[in-house]
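Morning, everyone. Please have the sequence and the model open while I talk. I'll keep this quick.

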Amino acid sequence: MNPRHSENLERYADLIVRVGLNIQEGQQLLISAPVTTYEFVRMVTEKAYEAGALHVMTDFYDEDLKKIRLEKSSEEGLKVYPHWKQKGYIEMAEDNMALLNLIAPDPSLLKDADPGRVALLNKVGAEASKKFSSYIGGGKISWLIAAYPTQQWAESVFPDLERADAVEKLWENIFYTTRTDREETVGLWEKHIGELNERARHLNEAGYRKLHYKGPGTDLTIGFHQQTKWISAQFTNDRGTPFVPNLPTEEVFTIPERNSVNGVVSSTKPLNYGGTLIKDFTLTFKAGKVVDFSAVEGYETLKNLLAADEGASYLGEVALVPHDSPISNTNIIFNNTLYDENASCHIALGRALSVCVENGNKLTEEELSDIGFNQSMIHVDFMIGSNELNIDGEKADGSLEPIFRNGDWV
């Protein structure tokens with residue numbers, strides 16, 4: 001490992017702890033990560049203790065064991081879930097635990113798996129995690145998703161490079177897009193978050209009731225309730241501590257009114273859903289619900305995703321990301337939602353985020369439902385932005401204002 005890589009890796013670990021999680025004195029941290037990332041987890045653990053963490057716990061897993069289970073387990077076996085584990089997560093969350101979800105993806109891990117069995121396993125996990133997911137979606141605790149390259153991921157992104165070169169190239173782009181290839185990383189992030197917050201403030205002041213999307217294969221209208229708000233990916237947990245749940249992040253986002261989505265939208269990047277790629281897909285919405293869909297690749301996976309529960313065929317998030325941004329400017333399709341969604345405007349099927357509602361954490365499900373809040377076990381972002389996407393905002397009086405032209409802020 002060359003010295004420059006080591007320095008960048010140190011800054012990446014520091015960014016995760018100081019900006020992403022913003023670990024506080026006396027706070028506990030749980031790191032959920034693949035076993036292959038153990039060396040980096042040790043580095044993050046050191047940074048967390050240096051920041052004042054009381055206790056750092058690890059929850060290691062192996063994605064290949066999931067593949068073996070899907071191949072060998074009975075259908076009844078796929079329905080088994082360790083509820084003791086989920087109870088432990090909830091207990092720690094109620095004690096102000098911070099959560100790092102370190103992902104090391106293999107985009108094609110489950111490409112040959114039975115889509116029905118994958119859907120069943122995902123559904124069982126989502127049902128068991130429903131309560132804990134409310135801590136995440138509502139920003140009640142500090143949490144973060146960050147990525148660590150794998151050989152399989154690197155080769156899917158750079159198929160023409162040698163194995164070692166592919167991994168090195170992916171690391172270079174992770175360091176670049178997270179700004180950890182520069183010494184003033186934390187200061188750069190503070191400036192960047194400030195700019196995103198300013199974008200969100202402008203959208204809130206404009207008070208748009210609808211957004212109109214026009215682009216190749218896309219003619220979509222999305223409506224909003226007056227109680228919802230635009231925010232950046234800087235949340236504040238129930239203890240009043242700010243954190244950034246995605247590294248990298250380039251988005252400002254809100255939630256739509258459940259039944260106020262109409263038209264057609266086409267994906268502009270592949271969606272990696274649970275180890276299966278869904279490519280070149282189109283969704284048709286009527287009164288909020290997906291009433292028709294198609295996909296060149298991954299049709300059965302998309303079909304099962306939409307059928308996960310009633311809310312899975314409605315939207316739960318709307319995010320604006322300029323085409324002219326660090327991740328987009330790499331001209332790389334990362335085959336990973338964390339990165340691809342921050343290179344492109346995107347929307348999400350499934351569960352809405354209560355953090356986008358004034359006092360959302362204090363409202364009941366019925367009160368949230370009254371403002372068009374979508375409930376679901378899933379939350380799946382997919383990319384719809386490009387340099388050909390135009391977006392107009394419709395104000396309360398029906399007048400239109402340009403927001404995006406050719407993929408970028410007006």
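I'll go through domains, cores, helix pairs and a few backbone spots. One thing up front: this is a predicted model.

Domains to begin with. The domain assignment gives domain 1, residues 3-182, and domain 2, residues 206-409. How far apart are the C-alpha centres of domain 1 and domain 2? They lie 22 Å apart. The two domains also touch. On one side, 50 residues of domain 1 take part, and they are in contact with 41 residues of domain 2.

Now look inside. The largest nonpolar core holds 90 residues. Which of them touch the most other members? Here is the list: Ile16, Phe40, Leu100, Leu211, Tyr213, Leu283 and Leu320. Both domains feed this core, with at least three residues from each of domain 1 and domain 2. Apart from it lies another core, of 27 residues. Its members include Tyr89, Tyr135, Phe243 and Ile255.

Stay with Ile16 for a moment. Leave out residues up to four places away in sequence. Ile16 then touches Leu21, Asn22, Phe40, Val44, Leu100, Leu144, Ala146 and Leu247. Keep Phe40 and Val44 in mind. They come back with the helices.

On to helix pairs. Helix α1 covers residues 3-20, and helix α2 covers residues 38-50. They pack with their axes 9 Å apart, at an angle of about 55°. What do we call that arrangement, and why? The angle is neither under 35 degrees nor between 65 and 115, nor over 145, so α1 and α2 are oblique to each other. The crossing is right-handed. From α1, the contact uses Leu9, Glu10, Tyr12, Ala13, Asp14, Ile16 and Val17. From α2, it uses Phe40, Met43, Val44, Lys47 and Ala48. So there are Ile16, Phe40 and Val44 again, in the contact of α1 and α2.

Second pair. Helix α5 is residues 83-94, and helix α7 is residues 130-137. Their angle is about 35°, with the axes 9 Å apart. Is the crossing of α5 and α7 left-handed or right-handed? It is left-handed. α5 brings Gln86, Tyr89, Ile90, Ala93 and Glu94. α7 brings Lys131, Phe132 and Tyr135. Tyr89 and Tyr135 are names we met in the 27-residue core.

Next, one residue in helix α10. Thr185 sits in that helix, which spans residues 185-206. Is Thr185 buried or exposed? Its relative accessibility is 3%, and the cut-off for buried is under 20%, so Thr185 counts as buried. Not counting residues up to four places away in sequence, Thr185 touches Arg11, Leu15, Thr178, Arg179 and Thr180.

Last, the backbone. Most residues other than glycine have a negative phi, and most peptide bonds are trans. Here are some exceptions. A cis peptide bond joins Leu247 and Pro248, with omega about 5°. Pro248 lies in the loop between β9 and β10. Leu247 is also one of the residues that Ile16 touches.

Then two positive phi values. Ala287 has phi near 50°. This residue is in the loop between β13 and β14. At a relative accessible area of 41%, Ala287 is partly exposed. Asn331 has phi near 60°. You'll find Asn331 in the loop between α12 and α13. Its relative accessibility is 71%, which is over the 50% cut-off, so Asn331 counts as exposed.

That's my tour. Thanks for listening.

How values were computed:
Residues are numbered from 1 along each chain as its sequence is written. This is a predicted model: local features need pLDDT of at least 70, side-chain atom pairs count only at pLDDT 80 or more; totals for chains, interfaces and linings use all residues. Side-chain values use heavy atoms; hydrogens and water are left out. A nonpolar core is a set of buried Ala, Val, Leu, Ile, Met, Phe, Trp, Tyr and Cys residues joined through side-chain atoms within 4.5 Å. Buried means under 20% relative accessible area, exposed over 50%, partly exposed in between (1.4 Å probe, protein chains only). Domain bounds come from an automatic or database domain assignment. Contact means heavy atoms within 4.5 Å. Axes are lines fitted to C-alpha atoms, for helices over the stretch in contact, and angles run from 0 to 180 degrees between N-to-C directions. Helices (H or I, at least four residues) and strands (E, at least two) are DSSP runs, numbered from the N terminus. A crossing is left-handed if the near helix is turned anticlockwise from the far one by less than a right angle, and right-handed if clockwise.
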